[in-house]
Every structure is written in C-alpha cells, then in structure tokens.
Amino acid sequence: MSDTPFGFGLPPEEPDDGDEGKKKDQQSGGGQGPANPFGFGFPGAGGPGADNPFAAMFGSMNPTDLGAAFQQLGQMLSYEGGPVNWDMAKQIARQTVAQGTADGTKDESVGPAERTAVEEAVRLADLWLDDATSLPSGAGSAVAWSRAEWVEATLPAWKELVDPVAERVGGAMGDILPEEMQAMAGPLIGMMKSMGGAMFGQQIGQAVGVLAGEVVGSTDVGLPLGPAGKAALLPLNVAAFGKDLGVGKDEVRLYLALREAAHQRLFAHVPWLRSHLFGAVEGYARGIKVDTAKLEDVVGQFDPQNPEELQQALQQGMFQPEDTPAQKAALARLETALALVEGWVDAVVHAAAKPRLASADALRETLRRRRATGGPAEQTFATLIGLELRPRRLRDASRLWASLTDARGVDGRDALWAHPDMLPTASDLDDPDGFVHREQMDFSELDKMLGEAADGSTEKPDLKKKDDDTE
C-alpha cells in the first residue's frame with residue numbers, strides 16, 4: 001500500500017521479460033513514464049511514440065484496449081459528483097482484489113461450510129463476552145465475506161471518511177489559477193475537478209483493494225466500516241493470518257470473532273460513538289492545508305518529458321496538517337478516541353479469552369505487533385488522510401481499561417461510555433493510575449430524576465435537602 005496520501009498513479013507493472021523488458025520499456029517510453037503523464041494507467045499504453053500520450057493511446061492498442069482506454073477517459077471527464085470519483089474507486093478496488101495478494105492468493109467465494117463456521121464462532125464469542133462486559137450483544141447477524149464483498153460493504157464508510165479530506169485538496173487545486181483567469185476558465189476548472197476526482201478515486205480504490213487482502217473483519221481499523229449490527233469475518237484472510245502461528249484455525253477464528261463481536265457491542269450500545277469518531281476525522285481534515293504556492297510552482301515548471309518529477313513533488317510535503325493548537329487538539333481527540341476503542345476491545349477480549357483459550361496470550365501479542373509494525377489501520381489512515389496512529393496509545397488504553405476493571409468492576413468500567421465527557425483524555429492515558437483512583441462523580445440524584453421522569457412522576461427530588469446534608 002502506498003505511503004503517500006493521494007498519489008497520482010498505480011505502481012507500474014513488472015515487464016514479463018524482466019530486466020530486458022524494463023530496458024525496452026524505458027527506451028520506448030512505455031509504462032507510467034512519458035506515455036502517461038497523468039499516471040492513470042491506460043491499458044496498453046506504450047510503444048513507439050509513447051512520449052505523446054495520445055499517440056500512446058491510439059498507436060499501439062488493439063481494439064479491446066482502445067475501447068477500455070476510451071471508457072476510462074470518458075469516466076474521468078464526465079464525472080460531475082463530489083471530490084472523489086467513487087465509481088472509479090470501486091472499479092479499481094475490485095480490480096485490485098481480482099489480481100490477488102502478493103503471496104499469490106486469489107479471492108474466492110465463501111462456501112456454506114465457512115459461513116456456518118463464522119456464524120458459530122460469533123455466537124460462541126458473544127456468549128463468552130457476556131461475562132466480560134455489561135454491554136449486551138450488538139451483532140444481529142454474523143456474515144462471512146469474500147474480499148470483493150468486503151469492498152462493496154465498506155465503501156459507504158470510506159466515502160464518509162475520505163470526502164472531507166478530498167474536498168480540501170480538490171479546492172486547493174482549483175485555487176492555483178489566478179482569480180482573473182478563473183472567471184474565464186469555467187470548462188477548464190470543471191475538467192480539473194473531474195480529473196482530480198479521478199485521481200482520488202484511483203488512489204483510494206487501490207488502497208481499499210489492497211486493504212481487502214489484509215483485513216480479517218469489518219472493524220480492523222477501529223471504526224465501524226460495515227453495516228450496523230453485522231459481525232463479519234473474511235475466512236480467506238483469517239486463514240492467512242493464522243497460517244504460521246502454530247495455532248489451530250478454529251482458535252484463530254474464535255479469537256478474531258471475539259474482537260469483531262466486542263466492537264459490535266460497543267458501537268451498537270454507545271450511540272454517540274460512531275458520530276464522535278467520524279466527527280473527529282472530519283475535524284482533523286479541516287486542519288489539513290495544501291501548499292498552494294508549491295503546487296503552483298510545480299505545475300508552472302512541469303516538463304512533459306519528465307512527468308515523474310511532478311508526481312514526486314506532489315508527494316513530498318504537499319499535503320500537511322496545520323501546526324496550530326486547534327489541529328493538534330483535533331489530532332489528539334482522534335488518536336485518543338481510536339485508542340480508547342481499541343484498548344477497550346483488547347482488554348475485554350483478553351478477559352473473555354484468557355480462561356478459555358490456551359493461545360489467548362500469543363494471539364493478543366500477534367495482533368498488537370501487527371498494529372505496531374504498520375498493520376492495516378496505520379497504513380490505511382496514512383494513505384488516505386495522512387494520519388498514523390501511535391501504537392503506544394493502544395497499549396496505554398488497554399492497561400487503563402484493565403485497571404478500571406480491577407478498581408470499579410465491569411459495570412463501573414463500561415459506565416464511562418455513557419457520555420464522551422466521562423471518557424479518559426490523552427493526559428489520562430499518560431497517568432492511568434491517576435484516572436482510575438480519581439474520586440468518582442455521584443450521579444445518583446440525576447439517575448433518580450431521570451427515572452421519575454420516565455415513570456411520569458411530577459414530584460421533584462429535594463435537591464436543597466441534599467445540598468444541606470452535604471454541607
């Protein structure tokens with residue numbers, strides 16, 4: 001997966017004949033060099049005259065490739081939607097999935113036996129979680145997805161996450177034209193927006209397609225990407241995850257089902273949590289700035305013979321978070337919120353699995369290392385919004401939730417999800433003992449008032465008497 005947010009092209013494919021093919025490709029202008037300055041990967045582009053993108057498109061294509069190029073070009077220029085061409089993103093994600101993963105594993109349909117195994121694993125996981133959390137089951141159903149089905153099911157959530165960032169960058173691309181030219185360049189600006197939407201769609205489609213080959217469920221990134229109430233596992237990726245662990249596949253599936261079911265409980269019974277997380281992403285996106293002066297300078301010096309220079313310049317420091325107190329606060333809110341979700345899941349799953357699975361400790365550590373070394377969550381956020389989660393926060397959050405369980409019990413720990421203001425802050429993750437042993441607020445009188453309101457009682461509690469007693 002690309003490290004660079006919003007790159008302008010898919011990686012060039014290796015020639016069939018190795019190094020000799022590379023030399024011939026460079027001599028003929030093929031690949032993603034001069035043959036295609038925009039980096040959109042038209043099929044068949046290359047061959048003599050490829051330094052002219054139109055010659056490359058028309059001069060060395062068979063009729064099938066030519067039709068595909070026209071179709072892709074038409075999609076780019078006719079797009080009139082939002083900042084991302086999501087039709088193109090979906091198409092490229094599906095194509096990426098169809099190509100298979102680096103180890104040669106191809107996507108495949110999920111059979112009845114695997115669907116049954118996933119359903120049974122989620123059902124058993126929910127039973128085990130009943131002892132580890134006061135939140136009831138949130139999985140109305142359990143589903144087993146292929147990689148392609150994961151792409152289809154999660155694209156609406158990606159749209160909600162990525163559009164705010166793409167809006168900022170797309171607006172900056174339109175602003176590089178002088179104001180007096182913008183009034184006369186309506187069609188050009190429209191074309192730039194269409195091409196920008198295609199560039200975003202291509203990069204995001206590739207990122208999501210690669211991620212589909214790695215994730216094991218619908219909540220790997222700590223956010224609810226799938227439909228509400230559906231606990232999902234990808235049997236093909238679950239098998240790949242457990243391949244070299246020396247742990248039985250049933251235990252691996254069950255442990256991952258515990259994590260998926262725990263996420264579902266949290267998002268189902270903490271109604272404000274989803275909007276809180278997505279709002280934190282949007283707040284972070286609002287602080288992203290684009291160096292328009294640099295962008296204008298790069299475009300002004302663009303050499304059609306060296307399109308790689310444009311791509312490299314755009315990928316190096318063009319999109320950066322603002323170094324302001326507001327942006328730092330937005331980043332802290334997002335990192336802390338995601339760490340609290342993942343830390344709670346880690347603590348709850350460990351409490352449920354430890355007495356029952358001999359491999360619980362090993363699987364827990366494997367998943368932690370996967371995140372710490374740049375797993376799906378970190379790579380995806382780095383690619384799509386330039387954000388890398390700090391794994392240290394996840395471990396801190398997990399320790400804090402475990403300490404809260406010891407000090408306040410399961411009910412007292414889970415009660416903190418009642419309102420976002422009750423949750424630990426970033427500074428609390430630095431001093432978990434201080435938060436755990438801090439004097440708890442007394443909500444008994446408020447609970448009494450809410451209960452009487454629900455019963456239709458008109459008698460008000462004697463708050464003054466309460467105050468007098470306290471005094």
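**Figure 1. Lys90 and Glu152 in a salt bridge between two helices.** Lys90 is partly exposed, with a relative accessible area of 33%, and in this predicted model its side chain meets that of Glu152 in a salt bridge with an N to O distance of 3.2 Å. The pair links distant parts of the chain, since Lys90 belongs to helix α4 (residues 86-99) and Glu152 to helix α6 (residues 147-175), with their positions 62 residues apart in sequence. Glu152 is likewise partly exposed, its relative accessible area being 32%.

**Figure 2. Lys159 and Asp163 in a salt bridge within helix α6.** The side chains of Lys159 and Asp163 form a salt bridge at 3.1 Å, N to O. Because the two residues are four places apart in helix α6, about one helical turn separates them. Lys159, at 40% relative accessibility, counts as partly exposed, whereas Asp163, at 14%, counts as buried, as the limit for burial is under 20% relative accessible area.

**Figure 3. Arg393 and Asp396 as part of a salt-bridge network.** In helix α17 (residues 391-414), Arg393 and Asp396 lie three residues apart, about one turn of the helix, and their side chains meet in a salt bridge of 3.0 Å, N to O. Both residues of this pair are buried. They also belong to a network of salt bridges that links Arg393, Asp396, Arg399 and Asp430. A search of the whole structure finds 21 salt bridges.

**Figure 4. Surroundings of Glu342 in helix α14.** Glu342, which is located in helix α14, is buried, with a relative accessible area of 5%. Its side chain makes a polar contact of 3.3 Å with the side chain of Arg259. When residues up to four places away in sequence are not counted, Glu342 touches Thr219, Asp220, Gly222, Arg259, His263, Arg371 and Leu394, so that Arg259 appears both as a partner in the polar contact and among the residues touched, under a contact limit of 4.5 Å between heavy atoms.

**Figure 5. The largest nonpolar core.** This core has 95 residues, and those with the most contacts inside it are Trp150, Trp158, Leu273, Trp344, Trp401 and Trp417. Helix α14 (residues 325-353) contributes the largest share of the core, 13 residues. In soluble globular proteins, nonpolar side chains tend to be buried together. Helix α14 is also the place of Glu342, the buried residue with a relative accessible area of 5%.

Terms used:
Residues are numbered from 1 along each chain as its sequence is written. This is a predicted model: local features need pLDDT of at least 70, side-chain atom pairs count only at pLDDT 80 or more; totals for chains, interfaces and linings use all residues. Side-chain values use heavy atoms; hydrogens and water are left out. A nonpolar core is a set of buried Ala, Val, Leu, Ile, Met, Phe, Trp, Tyr and Cys residues joined through side-chain atoms within 4.5 Å. Buried means under 20% relative accessible area, exposed over 50%, partly exposed in between (1.4 Å probe, protein chains only). A salt bridge is a side-chain nitrogen of Lys or Arg within 4 Å of a carboxyl oxygen of Asp or Glu. A polar contact is a pair of N or O atoms within 3.5 Å; within protein, one must be able to donate a hydrogen and the other to accept it, and residues adjacent in sequence count only if both atoms are side-chain atoms.
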